[in-house]
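Colleague: Could you take me closely through one part of this model, the packing of one pair of helices, and then set that part beside the rest of what has been computed?

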Amino acid sequence: KKVSDMSKIDSATDSRSTHGNSGETAILVLGQCLNKDATPSSVLVSRLEACVKLQQQMQHDTGSPCKYMLFTGGDTSQVGVTEANVMKDLYEAIVARKNVDFVAPSPEIILEESSLTTVWNALFCLPLLRYKNIKKVHLITSDFHMPRSMLIFESVFHNSDIQFVRHPVPIPLPYTRDDGINGVQPLDRYRHEYIMVCNDQKLANHVIHQARHAGVTPASQKRVKQCQQELETVIRVPESK
């Protein structure tokens, strides 16, 4: 199984590689903080379980699994290993445990190991997807994280012709070994996400500041409100005074 480390690709080079055919399809899985012992959290495991399930479904529907998989996430927990690398090992372990037999050629796994935030996930994945001429992305992340992730990816990918298909994964209860943010109960995760999108101007400035000259378009107030409403279907938010 081929693994690509594409972190050094120059954005000027990848922008030229998008011409010439109708484009490829990829599965993109967003990372999650690792536990202090560098093990994957219940949340991260659920995302990779969903990735394997989606690959199985694609093979059933089309005769082959998705050609590319992109795992994104750096060493946000500062444990000496990146989320992307742990995700690759976890994916392969799940495939082996479930005795999944994908037809040849095996999917190419691309690792993005520098990002420390969801904004960086989007910024650093854009040139990697363009380099492979990917036009359709199946985005996998937890259901509590999907609204804000799509808000950010839409801003960063505004000037691209890449389309996204959402695959929100239900949030599992924390494992007994989950610690830090991983040990937070599901409802509190939704509340945390709501707070992070409440101030649309702050979010827009955050994206623009990190993107600099990346051609990012900030989300509109209407789009931010839609994001909030998605989260409000799960939690009850106190009325503003």
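Modeller: In this predicted model, H6 passes H8 in a left-handed crossing. The two helices span residues 186-198 for H6 and residues 221-232 for H8, and their axes come within 10 Å and cross at roughly 165 degrees. Because angles over 145 degrees count as roughly antiparallel, H6 and H8 are roughly antiparallel to each other. On the H6 side the contact is formed by Tyr190, Glu193, Tyr194, Val197 and Cys198, while H8 brings Val224, Cys227, Gln228, Leu231 and Glu232. Sorted by class, the residues of this contact are 7 nonpolar, 1 polar and 2 charged.

A second helix pair can be described in the same terms. The axes of H4 (residues 118-131) and H5 (residues 146-156) come within 9 Å and cross at roughly 40 degrees, an angle that makes H4 oblique to H5, and the crossing of this pair is right-handed. Here H4 contributes Thr118, Val119, Asn121, Ala122, Leu123 and Leu126, and H5 contributes Arg148, Ser149, Ile152, Phe153 and Val156, which divide into 7 nonpolar, 3 polar and 1 charged.

As for the nonpolar cores, the largest has 26 residues, of which Ile27, Val29, Leu48, Cys51, Phe71 and Tyr91 touch the most other members. At least two residues of this core come from each of strand E2, helix H2, strand E3, helix H3 and strand E4. A separate, second core of 25 residues includes Leu123, Leu126 and Phe153, along with Tyr68.

Note on methods: Residues are numbered from 1 along each chain as its sequence is written. This is a predicted model: local features need pLDDT of at least 70, side-chain atom pairs count only at pLDDT 80 or more; totals for chains, interfaces and linings use all residues. Side-chain values use heavy atoms; hydrogens and water are left out. A nonpolar core is a set of buried Ala, Val, Leu, Ile, Met, Phe, Trp, Tyr and Cys residues joined through side-chain atoms within 4.5 Å. Buried means under 20% relative accessible area, exposed over 50%, partly exposed in between (1.4 Å probe, protein chains only). Helices (H or I, at least four residues) and strands (E, at least two) are DSSP runs, numbered from the N terminus. Axes are lines fitted to C-alpha atoms, for helices over the stretch in contact, and angles run from 0 to 180 degrees between N-to-C directions. Angles under 35 degrees count as roughly parallel, over 145 as roughly antiparallel, 65 to 115 as roughly perpendicular and the rest as oblique. A crossing is left-handed if the near helix is turned anticlockwise from the far one by less than a right angle, and right-handed if clockwise. Contact means heavy atoms within 4.5 Å. Ala, Val, Leu, Ile, Met, Phe, Trp, Tyr, Cys and Pro count as nonpolar, Asp, Glu, Lys and Arg as charged, and the others, Gly among them, as polar.
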